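Here's a quick tour of one protein model, going from the inside to the surface and back. Have the viewer open and follow along.

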Amino acid sequence: MPDDDLVGEASRQLTICNACRYCEGYCPVFPAIEIRREFEKGDVFLLANLCHDCRACYYACMYSPPHEFAVNIPQILSEVRLESYKAWSWPSLLAGSFRDIRKGMILAGLSIGVILALALTLLVPAKLFAVHHGPGAFYAVVPFLVMLLPALALTVYGGAVWVIGGIRFWKDTQGELPCPVGFRVLAQTAGDILNLKWLRGGGRGCNYPNAQASQARRFYHSLVYYGFLSAAVSTTLAAIYQDILHRLPPYPLTSAPVLFGGFGGIAIVIGVAGLVVIKTTSDREPAHSQSLGLDYLFLIILGLTALSGMLTLLFRESSAMGIILTLHLALVAALFITVPYGKLVHALYRSLAILRHHLEQSQPNRSARGH
């Protein structure tokens with residue numbers, strides 16, 4: 001659906017919701033709807049990113065298909081989210097990955113293929129397939145700077161794309177940031193983000209994989225979320241061990257980097273598997289096919305990255321370590337390259353949308369407004 005038609009259709013459905021208000025207790029989208037009389041592009045983009053796709057409103061709605069009003073908020077806001085990701089991302093050529101899953105697949109596939117080809121061409125076979133023991137064993141296969149410099153470059157690039165996107169989000173949604181923001185608003189925002197509050201739907205959980213409410217989606221999402229954070233802690237601790245304590249990897253199984261990394265890897269693998277099962281068996285009526293494709297691409301790359309990391313740990317004292325490590329680094333690169341143009345951007349825009357929501361709700365004069 002073209003951009004203007006998409007926003008117009010979303011505005012039509014949101015206007016019906018604003019008149020009905022039956023679902024006002026389900027999630028932050030509905031309180032945000034109620035303080036608006038009209039829904040322009042910035043409003044629609046904000047509400048789309050505030051939506052957590054719990055689908056409670058779809059199954060509760062008396063106007064959902066086959067009713068002639070055809071209100072399907074989860075589906076229309078999922079499509080709008082992709083359009084907002086594309087509008088806020090940079091450069092526009094790569095931003096097209098949000099609307100064409102084939103571009104994302106090509107980007108991920110090329111990054112993995114190029115890195116594997118370079119590794120097999122440049123790395124010494126005798127070292128790649130040899131058994132390495134003791135401190136610096138990983139660097140005997142892939143030199144430290146070869147690991148570090150591309151990772152830093154991709155991190156800086158991805159961070160820059162996200163900063164540009166965050167600025168564009170705030171501008172397009174007409175956000176006014178009070179100074180200071182206020183501790184209460186920041187605490188509410190952090191609380192909602194850290195405990196995945198709005199994946200509870202109306203309180204009983206999301207309606208996945210069908211109309212029956214369940215906490216399964218929140219549980220598996222939590223495993224991926226906290227597993228990802230645990231892996232980040234592991235990487236940070238490993239950097240401290242190496243650069244401050246001057247202890248080279250691999251580290252003992254009981255060391256902090258390995259414990260955090262092991263928990264993170266296991267949590268991610270289980271969480272990804274659970275989310276894939278839920279999505280493949282979920283009701284397609286409130287879903288948007290392109291959004292599902294983006295979900296699958298991210299989950300598969302993330303799951304394989306975590307799995308290859310665990311295999312590197314398990315086989316680090318065998319001749320298979322070199323090739324598994326190389327594959328793991330290729331998958332990490334694919335994950336980093338696709339982060340600015342894949343599903344993970346929802347972490348940025350959803351967090352900003354929640355902050356924007358609490359700022360709106362904290363205003364003393366938040367009665368319905370037009371533009």
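## An enclosed helix

Which residues of α3 are buried? They are Gly42, Asp43, Val44, Phe45, Leu46, Leu47, Ala48, Asn49 and Leu50. Keep in mind that this is a predicted model. Helix α3 covers residues 41-50, and because 9 of its 10 residues are buried, the rest of the structure largely encloses it.

Asp43, one of those buried residues, also takes part in a salt-bridge network, which comes up again below.

## Two helices that cross

Now for a helix pair. In general, two packed helices are described by the angle between their axes and the distance between the axes. For helix α10 (residues 144-172) and helix α16 (residues 345-362), the axes come within 11 Å and cross at roughly 30°. The crossing of α10 and α16 is right-handed. On the α10 side, the contact is made by Trp162, Gly165, Gly166, Phe169 and Trp170. On the α16 side, Val345, Leu348, Tyr349, Leu352, Ala353, Leu355, Arg356 and Leu359 do the job.

Ser362 also belongs to α16. With a relative accessibility of 40%, Ser362 counts as partly exposed. If you want a ruler check, pick Ser362 and Leu154: they sit 208 residues apart in sequence, and their C-alpha atoms are 37 Å apart in space.

## Salt bridges

How many salt bridges does the structure hold? The structure has 11 of them. One joins the side chains of Arg102 and Asp100, with N to O at 3.0 Å; Arg102 counts as exposed because its relative accessibility is 57%, and the cut-off for exposed is over 50%. Another pairs Lys197 with Asp192, N to O at 4.0 Å. Here the two ends have separate labels: Lys197 is partly exposed at 26% relative accessible area, while Asp192 is buried at 7%.

Then there's Asp295 with Lys343, whose closest N and O atoms are 3.3 Å apart. This pair links distant parts of the chain, with Asp295 in helix α14 and Lys343 in the loop between α15 (321-338) and α16, 48 residues apart. Are Asp295 and Lys343 buried or exposed? Both of them are buried. Besides such pairs, salt bridges that share partners tie Arg36, Asp43, Arg356 and Glu360 into one network. Two of those names are already familiar: Asp43 is a buried residue of α3, and Arg356 is among the α16 residues in contact with α10.

## A buried loop residue

Where does Asn72 lie? Look in the loop between α4 (56-60) and α5 (73-88). Asn72 has a relative accessible area of 5%, so it is buried. Leaving aside neighbours within four places in sequence, Asn72 is in contact with Gln13, Tyr58, Pro65, Glu285 and Pro286.

## A nonpolar patch outside

Back to the surface. Ile300, Leu304, Leu307, Leu311, Leu314 and Phe315 form a nonpolar patch there, and together they have about 540 Å² of accessible area. Leu314, one of the patch members, is found in helix α14 (residues 289-314). At 64% relative accessibility, Leu314 counts as exposed. As for spacing along a helix, an α-helix has 3.6 residues a turn, so residues three or four places apart point the same way. Helix α14 also carries Asp295, which is buried, whereas Leu314 is exposed.

Definitions and conventions
Residues numbered from 1 in each chain as written. Predicted model: local features only at pLDDT ≥ 70, side-chain atom pairs only at ≥ 80, totals over all residues. Heavy atoms only, no water. Patch = residues over 30% accessible without salt bridge, like charges linked within 9 Å, V, L, I, M, F, W, Y side chains within 5 Å. Areas by Shrake-Rupley, 256 points an atom, 1.4 Å probe, with all protein chains shown as cover. Helix = DSSP H or I, 4+ residues; strand = E, 2+ residues; numbered from the N terminus. Buried < 20%, exposed > 50% of the residue type's maximum accessible area, 1.4 Å probe, protein only. Axes fitted to C-alpha atoms, helices over the stretch in contact; angles between N-to-C directions. Left-handed = near helix turned anticlockwise from the far one by under 90°. Contact = heavy atoms within 4.5 Å.
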